[in-house]
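Biologist: Could you take me through this one? I'd like to hear how each label gets earned.

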Amino acid sequence: MNTILRLLPAGLAFASGLAFADGSCTLYNDGKAIALKHAYAYRMPDPFDKGKQITRIVFADRPIDAAALADASDRDSAIDDQLHEATRVDLNLEADGSVQNVNTHIGYSSGSQSGSGWYTVSLKRNDDKRVEGSFRSNDEEDKKSGRYYDLAFALDLPGAPDLGPALPANGGEQGKAYLAYLASLRKGDIDAMAKAMTKTRADELLAHRNDADFKMMFGFIQGQALRDPKYVRGNAKGDRAKLEYTGKDADGNAVTSTVSMLREGGAWKLEKESSKTTLQ
């Protein structure tokens, strides 16, 4: 079932990169030491106060493609895509240098730790250009049982992304292509959907259409398709475009959908869609 959800991008699921990057992390998880040799830092809206910014430092056991993140309008979602199922630690710092929380992802499991007294943090720099310092758990016993963190970082932060020119008020050709995809999804026309998706996504979709649980999962996905889509904003740069729509889900909840389009063979195709739902 998870495979089918991943294959269907309808939610179904700032300028240069780092000039200098150095970061390392050793995570002890129930007695096992895990080396996270790759790091990336960026500014993002505070999840608890959208009017503020925090610095997120990500440590992972998988390489992080900084160039691909440079022009991402939503770096948080983009790095989640890169590090799907990776082991990672996110250290979240507020503007005053205090630690908001530490998030840990190991495969499909995740957890978050906050509060004070259980760690020591030392910052040499923490601004919108660069973050330098260290973070370490205080209780050595956590190395044997529980989680223990030993982090060091000296990272430049990327500037604002270059998204390209704004699209027309209706989303232009990119928006038209997305709405065609939505229409085919609502109708349940698999072949039309495949034509509206990137080749990679389409090939995966068609390869699984005869799976035993495909019909059930596709019905669920149809139910989550964006209703009453209204174009909000969008930009295009080269063969890529990013659009934002608002609408509702099947239960009438407000939905904001971010759509990534890719031009293949001269036509715009749906590459990915992520949605955020606000319960009414």
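**Labels and their reasons**

Modeller: Let's begin at a pair in E7, where serine 112 is the bridge partner of asparagine 103. Keep in mind that the model is a predicted one.

Biologist: What makes E6 and E7 a pair of strands?

Modeller: Pairing takes at least two bridges. Five bridges join E6 (residues 99–106) to E7 and the two run antiparallel, so the pair qualifies under that cut-off. They also form a hairpin with two residues between them, and glycine 107 in the turn has a positive phi of about 65°.

Biologist: In which sheet does E7 sit, and in what order do the strands come?

Modeller: In an open sheet of five strands, ordered E3-E4-E5-E6-E7, with antiparallel pairing.

Biologist: Why do E3 and E7 stand at the edges?

Modeller: Each of them, E3 (38–46) and E7 (109–113), has a single partner strand, so one side of each has no neighbour in the sheet. From one strand to the next, the twist averages 20°.

Biologist: How do you know that E3 pairs with E4?

Modeller: Same kind of test: at least two bridges are needed. E3 and E4 (residues 49–60) have nine, in the antiparallel sense, so they count as paired. Aspartate 46 stands opposite aspartate 49 in E4.

Biologist: What lies across these strands?

Modeller: Helix H3 lies across E3, E4 and E5 (88–93), and runs at about 145° to E3. Arginine 75 belongs to H3, which covers residues 75–82.

Biologist: Why does arginine 75 have no salt bridge?

Modeller: A salt bridge needs a side-chain nitrogen of Lys or Arg within 4 Å of a carboxyl oxygen of Asp or Glu. For arginine 75, the nearest side chain of opposite charge is aspartate 71, 5.9 Å away. That is beyond the 4 Å limit, so no salt bridge is counted. Arginine 75 is buried all the same.

Biologist: What polar contacts does the side chain of arginine 75 make, then?

Modeller: The cut-off for N or O pairs is 3.5 Å. A polar atom of the arginine 75 side chain lies 2.7 Å from the backbone oxygen of alanine 70. The side chain of arginine 75 also reaches the backbone oxygen of glycine 159, at 2.9 Å. Both distances fall within 3.5 Å, so both pass the distance test.

Biologist: Why is glutamate 85 called partly exposed?

Modeller: Partly exposed is the class between under 20% (buried) and over 50% (exposed). Glutamate 85 has 43% relative accessibility, so it lands in that class. It lies in the loop between H3 and E5. Although glutamate 85 is not a glycine, its phi is positive, about 70°.

Biologist: And what makes aspartate 228 exposed?

Modeller: Its relative accessible area is 52%, and exposed means over 50%, so aspartate 228 gets the label. Aspartate 228 lies in strand E11 (residues 227–237). Phi of aspartate 228 is near 50°, a positive value in a residue other than glycine.

Biologist: Alanine 192: buried, exposed or partly exposed, and why?

Modeller: Partly exposed, because its relative accessible area is 29%, between the 20% and 50% limits. Alanine 192 is in helix H5 (residues 190–196). Its C-alpha atom and that of leucine 157 are separated by 42 Å, with the two residues 35 apart along the chain.

Biologist: Back to E11. Which sheet does E11 belong to?

Modeller: An open sheet of four strands in the order E11-E12-E13-E14, with antiparallel pairing. E11 and E14 are its edge strands, as each pairs on one side only. Ignoring direction, neighbouring strands of this sheet are turned by 20° against each other on average.

Biologist: How do you know that E13 pairs with both E12 and E14?

Modeller: Count bridges against the minimum of two. Nine join E12 (residues 240–248) to E13 (residues 254–264), and 11 join E13 to E14 (residues 267–278). Both counts pass, so E13 pairs with each of them. As for partners, valine 255 in E13 is matched with glycine 247, leucine 262 in E13 with arginine 240, and leucine 270 in E14 with methionine 261.

Biologist: Which glycines take a positive phi in the hairpins there?

Modeller: Glycine 252 does, near 85°, in the hairpin of E12 and E13, which has five residues between the strands. Glycine 265 does too, near 60°, in the hairpin of E13 and E14, where two residues lie between the strands.

Note on methods. Residues numbered from 1 in each chain as written. Predicted model: local features only at pLDDT ≥ 70, side-chain atom pairs only at ≥ 80, totals over all residues. Heavy atoms only, no water. Buried < 20%, exposed > 50% of the residue type's maximum accessible area, 1.4 Å probe, protein only. Lys, Arg positive; Asp, Glu negative; His and termini not counted. Polar contact = N/O pair within 3.5 Å; in protein donor to acceptor, adjacent residues only side chain to side chain. Axes fitted to C-alpha atoms, helices over the stretch in contact; angles between N-to-C directions. Contact = heavy atoms within 4.5 Å.
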